[in-house]
Amino acid sequence: DGALDVAERVLTLEAEGPGMAPGAPMAKYRDVIAFKSDDQRVLTSHMLGDDGQWHQFMTANYHRKR
């Protein structure tokens with residue numbers, strides 16, 4: 001599933017996939033892509049924890065090379 005915010009500056013994607021530990025059950029994941037400018041994007045990845053909270057585990061900054 002995916003959703004773009006009203007201002008079309010943040011795209012949120014949700015999916016289910018294998019847990020991170022060996023033998024772990026399936027887990028829920030969320031990627032948030034923020035369109036900072038025409039030349040910059042920021043991706044943050046989250047996993048839904050047993051506590052019901054989203055926990056960020058990765059950030060990637062993308063910059064267009066001119």
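Good morning. I begin with a single residue: Tyr-29 is buried, with a relative accessible area of 16%. The model is a predicted one, and the values I quote are computed from it. The cut-off for the term buried is a relative accessible area under 20%, so Tyr-29, at 16%, falls in that class.

What is the state of Phe-57? Its relative accessible area is 43%, which makes Phe-57 partly exposed. I mention these two residues together because the count of aromatic pairs comes to one, and Tyr-29 and Phe-57 form that pair, with ring centres 6.2 Å apart. The planes of the two rings stand at 80 degrees, so the arrangement is edge-to-face; the threshold for that class is over 60 degrees. Tyr-29 belongs to strand β3, residues 26-37, whereas Phe-57 belongs to strand β5, residues 54-63. The pair therefore ties together parts that are 28 residues apart in sequence.

Let me now place those strands in the sheet. It is an open sheet of five strands, in the order β1-β2-β3-β4-β5, with antiparallel pairing. Which strands stand at the edges? They are β1, residues 2-4, and β5; each has a single partner strand, so one side of each is left without a neighbour in the sheet. From one strand to the next, the twist averages 15 degrees. As general background, strands of a sheet pair through backbone hydrogen bonds, either parallel or antiparallel.

I shall take three of the pairings in turn. Strand β2, residues 10-18, is joined to β3 by nine bridges, and the two run antiparallel. Here Pro-18 stands opposite Met-26 in β3.

Next, β3 and strand β4, residues 40-48, are antiparallel and share eight bridges. Within this pairing Ile-33 faces Leu-43 of β4 as its opposite residue. The connection from β3 to β4 is a hairpin through two residues.

Finally, nine bridges link β4 with β5, again in an antiparallel arrangement. Met-47 has His-55, in β5, as its bridge partner. The hairpin of β4 and β5 has five residues between the strands, and in it Gly-52 adopts a positive phi near 85 degrees.

That brings me to a second positive phi. Most residues other than glycine have a negative phi. Glu-8 is not a glycine, yet its phi is positive, at about 55 degrees. Where is Glu-8? It sits in the loop between β1 and β2. With a relative accessibility of 55%, Glu-8 counts as exposed.

My last topic is the largest pocket, whose volume is about 150 Å³. Its lining includes Gly-19, Met-20, Ala-21, Ala-24 and Pro-25, and further along the chain Met-26, Ala-27 and Lys-28. Met-47, Leu-48, Gly-49 and Asp-50 also line the pocket. Which elements give two or more residues to this lining? They are β3 and β4, and β3 gives the most, with three residues. By residue class, the lining divides into eight nonpolar, two polar and two charged.

Two of the lining residues have already appeared in this talk. Met-26, which lines the pocket, is the residue opposite Pro-18. Met-47, also in the lining, is the bridge partner of His-55.

To close, I return to the aromatic pair: Tyr-29 in β3 and Phe-57 in β5, the former buried and the latter partly exposed. Thank you for your attention.

Note on methods
Residues numbered from 1 in each chain as written. Predicted model: local features only at pLDDT ≥ 70, side-chain atom pairs only at ≥ 80, totals over all residues. Heavy atoms only, no water. Phe/Tyr/Trp six-rings, centres within 6.5 Å; stacked < 30°, edge-to-face > 60°. Helix = DSSP H or I, 4+ residues; strand = E, 2+ residues; numbered from the N terminus. Buried < 20%, exposed > 50% of the residue type's maximum accessible area, 1.4 Å probe, protein only. Pairing = 2+ DSSP bridges. 1 Å grid on protein atoms, 1.4 Å probe; cavity = no way out; pocket = protein on both sides within 12 Å on 5 of 7 lines; lining within 4 Å. Points joined across faces, edges and corners; volume = space filled by probe spheres on them. Nonpolar A, V, L, I, M, F, W, Y, C, P; charged D, E, K, R; others polar. Axes fitted to C-alpha atoms, helices over the stretch in contact; angles between N-to-C directions.
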